[in-house]
Amino acid sequence: MKVVLSGKHARLALIAVALAAAPFVAAQQAPAQRASGPAAAGQPGAPEPGNQRNTGPNPFAPPPAPKINPRTQGPLDLSGYWVSIVTEDWRYRMLTPAKGDYPGIPLNLAARAIANSWDPAKDEASGNACKAYGAAAIMRMPTRLHITWVDDDTLKIETDAGEQTRLIHFYSAAPPDTTPSWQGYSVASFEGLRPRGFLVPVAAGAPGSRPAQEGYMKVDTTNLKPGYLRKNGVPYGAKAKVEEYFESFSEAGITWLIVTSVVNDPEYLDQEFITSSQFKKQADATGWNPTPCSAK
């Protein structure tokens with residue numbers, strides 16, 4: 001049977017055929033376009049400036065956060081004296097565990113072999129009595145902290161246990177080319193910023209002493225000298241990285257500091273080693289008693 005279409009119906013049929021064929025034509029052209037690479041600006045097929053579907057800038061992206069003065073404009077100021085409150089892992093923190101006593105740490109076989117051969121006398125004789133006082137473990141020590149500002153962009157954390165000093169650098173991208181050390185090189189930033197009182201009604205520090213926002217301090221530490229996660233020889237290596245989160249709040253007239261530490265070590269750990277340590281703020285230097293490192 002022969003079908004004859006009127007002029008109007010014929011045009012509609014041609015449009016339908018063209019639409020159906022469009023994906024096939026585009027698919028045939030795509031390989032050639034991918035092979036030849038993106039067209040230069042101003043040529044047919046070139047991305048439109050600012051087009052989100054291509055490589056241009058996103059006009060709806062928020063502007064970058066302004067650089068602030070960490071000392072005077074940061075969401076929290078940790079200056080002062082603090083004392084550690086040991087409420088868990090007491091026998092691993094207040095006492096030196098026996099050789100081979102390392103539950104709770106995801107050690108690989110190489111690390112277990114090192115821990116099982118721990119010899120504190122050998123560490124002392126070689127000048128390595130501070131191996132358990134490095135940045136990956138110092139915050140777990142039963143210690144007091146003295147935190148001060150060196151300048152507007154550098155925070156200093158001193159410990160009386162082992163007489164260690166950590167420098168926390170804001171707005172620093174990478175460690176300088178220096179010899180690895182127990183405390184390594186630490187880079188900090190303030191994160192989780194939100195209006196003060198949004199979730200926590202009482203913020204750290206004296207009322208009105210900080211800007212109207214709250215958040216936490218993130219610290220990344222690298223360039224570490226190999227040391228111990230516990231005093232009984234549980235090792236971490238030169239490739240270890242420490243990621244820490246410092247949070248503070250006040251409750252019932254007491255100001256607390258919570259330090260969550262995440263240790264990544266591809267050499268000796270099968271997975272991340274995560275701990276959380278608590279400190280209470282003191283009114284003054286009462287109890288501050290700097291003592292040298294001890295291997296035992």
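A residue counts as buried when its relative accessible area is under 20%. In this predicted model, Asp101 has a relative accessible area of 18%, and therefore Asp101 is buried. Along the chain, Asp101 sits in the loop that connects helix H3 (90–93) with helix H4 (109–115). Leaving aside residues up to four places away in sequence, the contacts of Asp101 are Arg91, Tyr92, Arg230 and Asn232.

From this one residue, the view can be widened to the whole protein. Of its 296 residues, 37% are buried. The protein exposes about 17,000 Å², and 58% of that area is supplied by carbon and sulfur atoms. The contacts can be sorted by how far apart the two residues lie in the sequence. Among contacts with a separation of 6 or more, 62% link residues 24 or more positions apart.

The secondary structure consists of 5 helices and 11 strands. Strand E1 (residues 80–85) makes a friendly starting point for a reader who wishes to trace strand pairing. E1 runs antiparallel to strand E2 (residues 144–151), and 4 bridges join the two. E1 also pairs with strand E11 (residues 273–282), again in the antiparallel sense, over 5 bridges. Trp82 shows both pairings at the level of a single residue: Trp82 stands opposite Leu145 in E2, while its bridge partner in E11 is Lys281.

Note on methods
Residues numbered from 1 in each chain as written. Predicted model: local features only at pLDDT ≥ 70, side-chain atom pairs only at ≥ 80, totals over all residues. Heavy atoms only, no water. Buried < 20%, exposed > 50% of the residue type's maximum accessible area, 1.4 Å probe, protein only. Contact = heavy atoms within 4.5 Å. Areas by Shrake-Rupley, 256 points an atom, 1.4 Å probe, with all protein chains shown as cover. Pairing = 2+ DSSP bridges.
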